[in-house]
Amino acid sequence: MSADSLQAAAPLAFERQPHPSPVSDADRAAVLADPGFGKHFTDHMAHAVWTAAGGWGQARVEPYGPLLLDPSAAVLHYAQEVFEGMKAYRWADGSVWTFRPQANAARFARSARRLALPELPEADFLASLEALVSADEAWVPTGGETSLYLRPFMFASEAFLGVRPAATVDYLVIASPAGSYFTSGPRPVKLLVSRTYTRAAAGGTGAAKCGGNYAASLLAQQEAYAAGCDQVVFLDAAEQRWVEELGGMNVFLVTADGRLLTPELTGSILEGVTRDSILEIARDLGLQPVEQRIALDDWLAMAAGGEVTEAFACGTAAVVTPIGSFVDGGDTKPAAAEADVAGKVTEAVRSTLLDVQYGRAEDRRGWMHRLV
């Protein structure tokens, strides 16, 4: 029987290795009172190792801490790595759930395939989340829009400088308590249109969630900050005409005739789980979901003419963020007719998703997965 067949039959069992000196209850409470984002980490991490000879194994939940890497580890030289981002939510009854982890597992596998990394079976992906959150349940915050951010990732750890797929790969999940993304409600963001840099190109890694895509966006993001903007919007690499996505978020437009437009997936756009979820719930909100290419000039003209009434971006961290305006070539232009506040549709989309994620509304699509 092949290693893949064994994996399909029996998910990895993550052995727990308790932390010898976990964070005290008092110190953890202080962190959870004001966690911020990505600044503090739980006591443990999930870890498994893949080898070309033996497949996946060595699964354990171990104390959170530094990794020992050889200076010649392939990831340090050829950036062979992928990651995911998701959240664990504390419900009112004390249980802990996550949102559509099967979709994250599928994207993780697609990303791994594109980066010539081994695919982690869905059952093992889910088992790693359950094992880590079970060990560190006390770190899941309560109240408001707080959550425990989960970061699964894998990287080429083989010590070898040859240019080929690595024969040894490490997979880990780390967790970080996260506060509310918006402390006083969603506010419209300002975007800088990048005419110099592109995020990805046809045939590249745009559809994979890998660190190189984000590294390529950082210089443009710096320019956005310098221009007084919150984010950068990238256009396609071939024509510099078609809207693709922001540095880490997908884009939606609400039209006066009830359509919900988003750029179609072309292979250079990341297929966001939140994006896909919004397309599914659109009809519940009386909207017609439409995936199509969107030219920036058409967007601006439709906004100026009142045809685009609202615009928003979406992603795991902020869920839904209203877009207020663009800076393009020194000129500031409205992104929608309702540019100064979060519009009614934007608010409805956001609240619909949050109500399901936090257990305040019926999960009619079976999107939620209990972790603890």
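Start by selecting helix α7, and colour its buried residues: Val-273, Thr-274, Arg-275, Ser-277, Ile-278, Leu-279 and Ile-281. The model on your screen is a predicted one. With 7 of its 9 residues buried, α7 is largely enclosed by the rest of the structure. Keep α7 highlighted, as this helix will come up again at two later stops.

**Stop 1: the whole chain**

Zoom out and show the chain as a cartoon. You should be able to pick out 9 helices and 18 strands. The radius of gyration is 21 Å, close to the 21 Å that the globule rule gives for 372 residues, so the chain is as compact as a globular protein of that length. Turn the view along the principal axes, and the C-alpha trace spans about 60 × 50 × 40 Å.

Now colour by accessibility: buried residues account for 52% of the 372 in the chain. If you draw the contacts between residues at least 6 apart in sequence, 73% of them join residues at least 24 apart.

**Stop 2: the largest pocket**

Next, select Tyr-181, Gln-231, Gly-248, Met-249 and Ala-317. Of the 40 residues that line the largest pocket, these lie nearest its centre. The space here comes to about 1100 Å³.

Which elements should you show around it? At least two lining residues each come from β4 (81-83), α4 (101-114), β7 (147-156), α6 (211-226), β11 (243-246), α7 and β15 (308-315). Among these, look at α6, which gives the most to the pocket lining, with 6 residues. Colour the lining by class and you will see 18 nonpolar, 14 polar and 8 charged residues.

**Stop 3: the cavity**

Rolling a probe the size of a water molecule over the atoms shows where empty space is left. How many cavities of 30 Å³ or more does a search of the whole structure find? The search returns 1, and about 110 Å³ of space lies in the largest cavity.

To centre on this cavity, select Tyr-89, Phe-99, Thr-274, Thr-316 and Gln-357, the closest to its centre of the 13 residues that line it. The elements that give two or more residues to this lining are β5 (86-90), β6 (96-99) and α7 (273-281). Strand β5 has the largest share, at 3 residues. By class, the cavity lining holds 5 nonpolar, 7 polar and 1 charged residues.

Helix α7 is back in view here: this helix supplies lining residues to the cavity and also to the largest pocket. Thr-274, one of the residues closest to the cavity centre, is among the buried residues of α7.

**Stop 4: Gln-357, beside the cavity**

Stay where you are and select Gln-357, which sits in helix α9 (residues 344-357). Is Gln-357 buried or exposed? Its relative accessible area is 4%, so Gln-357 is buried, the cut-off being under 20%.

Show its surroundings as sticks. Leaving aside neighbours within four places in sequence, Gln-357 is in contact with Tyr-89, Trp-91, Phe-99, Val-319 and Met-368. You have already met Tyr-89 and Phe-99, which are also among the residues closest to the cavity centre.

**Stop 5: helix α5 and Ala-127**

Move to helix α5, residues 122-135. Its 14 residues reach 20 Å from the first C-alpha to the last, close to the 20 Å expected at 1.5 Å a residue. This helix is mostly covered, with 10 of the 14 residues buried. The buried set includes Phe-125, Leu-126, Leu-129, Leu-132 and Val-133.

Within α5, pick Ala-127. This residue is buried, with a relative accessible area of 14%. Beyond its neighbours within four places in sequence, Ala-127 is in contact with Leu-12 and Phe-14. Add a distance to Ala-46, 81 residues apart along the chain from Ala-127, and the C-alpha atoms come out 9.6 Å apart.

**Stop 6: two glutamines with positive phi**

Finish with a backbone check. Select Gln-58, in strand β3 (residues 55-63). Although Gln-58 is not a glycine, it has a positive phi of about 55 degrees. At 54% relative accessibility, this residue counts as exposed.

Then jump to Gln-240, in the loop between β10 (231-235) and β11. Gln-240 is not a glycine either, and its phi is positive at about 55 degrees. With 22% relative accessibility, Gln-240 counts as partly exposed.

Technical notes:
Residues are numbered from 1 along each chain as its sequence is written. This is a predicted model: local features need pLDDT of at least 70, side-chain atom pairs count only at pLDDT 80 or more; totals for chains, interfaces and linings use all residues. Side-chain values use heavy atoms; hydrogens and water are left out. On a 1 Å grid over the protein atoms alone, a cavity is a set of points where a 1.4 Å probe fits but cannot get out, and a pocket is an open set with protein on both sides within 12 Å along at least five of seven lines; lining residues have an atom within 4 Å of a point. Grid points are joined across faces, edges and corners, and a volume is the space filled by probe spheres set on the points. Helices (H or I, at least four residues) and strands (E, at least two) are DSSP runs, numbered from the N terminus. Ala, Val, Leu, Ile, Met, Phe, Trp, Tyr, Cys and Pro count as nonpolar, Asp, Glu, Lys and Arg as charged, and the others, Gly among them, as polar. The expected span of a helix is 1.5 Å times one less than its number of residues. Buried means under 20% relative accessible area, exposed over 50%, partly exposed in between (1.4 Å probe, protein chains only). The radius of gyration is taken over C-alpha atoms; the globule rule is 2.2 Å times the number of residues to the power 0.38. Contact means heavy atoms within 4.5 Å.
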